[in-house]
Amino acid sequence: WSSDVCSSDLTTISTDTPGVTLINIFTVTAERQDELVAALDRATADVFVDLPGFRSANIHASLDGVRVVNYAQWESEEAFTAMRERADVQAHMKEIMAIADGFEPRLFTVQAVHNVGK
């Protein structure tokens, strides 16, 4: 799905960009890490990309195989909260939690950004 995303929908990490960032750290057995990544990717493409307020998601797999991080941007805390109330999202989370051992979601705002050569 990412090839169809316009440039204004790309992940932007900036102190000037309003909104909130969900950083959700999942724990998982190494044998199931790929399955969890696939489920998160599928749910993002099938459910989240069309929700009001969704901006972007990035899924990261730890090299040790026991964590997956979902870095997702939403236009507001209200849009994030409304997403969590949806039945299709709750069904997705039920599937994810059948794979993951645990998860730790938190909302953040960008406070500082440092880039080489900037």
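Here a biologist asks a modeller how the descriptions of this predicted model were reached.

Biologist: What should I know about the model and its numbering before we start?

Modeller: This is a predicted model, in which local features need pLDDT of at least 70 and side-chain atom pairs count only at pLDDT 80 or more, while totals for chains, interfaces and linings use all residues. Residues are numbered from 1 along each chain as its sequence is written, and side-chain values use heavy atoms, with hydrogens and water left out.

Biologist: How do you know which strands pair in the sheet, and in what order do they stand?

Modeller: Strands are DSSP runs of E with at least two residues, helices are runs of H or I with at least four, and both are numbered from the N terminus; two strands pair if DSSP finds at least two bridges between them. Strand 2 and strand 3 have seven bridges, strand 1 and strand 3 have eight, and strand 1 and strand 4 have seven, so each of these counts satisfies the definition of a pair. The result is an open sheet of four strands in the order 2-3-1-4, with antiparallel pairing. Strand 2 and strand 4 each have a single partner strand and therefore stand at the edges, with one side of each left without a neighbour in the sheet. From one strand to the next the twist averages 15 degrees.

Biologist: Which residues are the bridge partners of isoleucine 59 and threonine 21?

Modeller: Isoleucine 59 has asparagine 70 in strand 3 as its bridge partner, and threonine 21 has phenylalanine 108 in strand 4.

Biologist: What makes you say that helix 1 and helix 2 pack on the sheet, and which strands do they touch?

Modeller: Contact means heavy atoms within 4.5 Å, and angles run from 0 to 180 degrees between N-to-C directions, with axes fitted to C-alpha atoms, for helices over the stretch in contact. Helix 1 touches strand 1, strand 2 and strand 3, and its direction makes about 170 degrees with that of strand 2. Helix 2 touches strand 1, strand 3 and strand 4, and its direction makes about 120 degrees with that of strand 3.

Biologist: Why is the pair of phenylalanine 48 and tryptophan 74 called edge-to-face?

Modeller: Rings of Phe, Tyr and Trp (its six-membered ring) pair if their centres lie within 6.5 Å, and planes under 30 degrees apart count as stacked, over 60 as edge-to-face and the rest as tilted. For phenylalanine 48 and tryptophan 74 the centres are 6.4 Å apart and the planes stand at 80 degrees, so the pair is edge-to-face. The pair links distant parts of the chain, 26 residues apart, with phenylalanine 48 in the loop between helix 1 and strand 2 and tryptophan 74 in strand 3. A search of the whole structure finds four aromatic pairs.

Biologist: What is the composition of the lining of the largest pocket, by nonpolar, polar and charged residues?

Modeller: Ala, Val, Leu, Ile, Met, Phe, Trp, Tyr, Cys and Pro count as nonpolar, Asp, Glu, Lys and Arg as charged, and the others, Gly among them, as polar. By that division the lining has 14 nonpolar, five polar and one charged. Its largest share, four residues, comes from helix 3.
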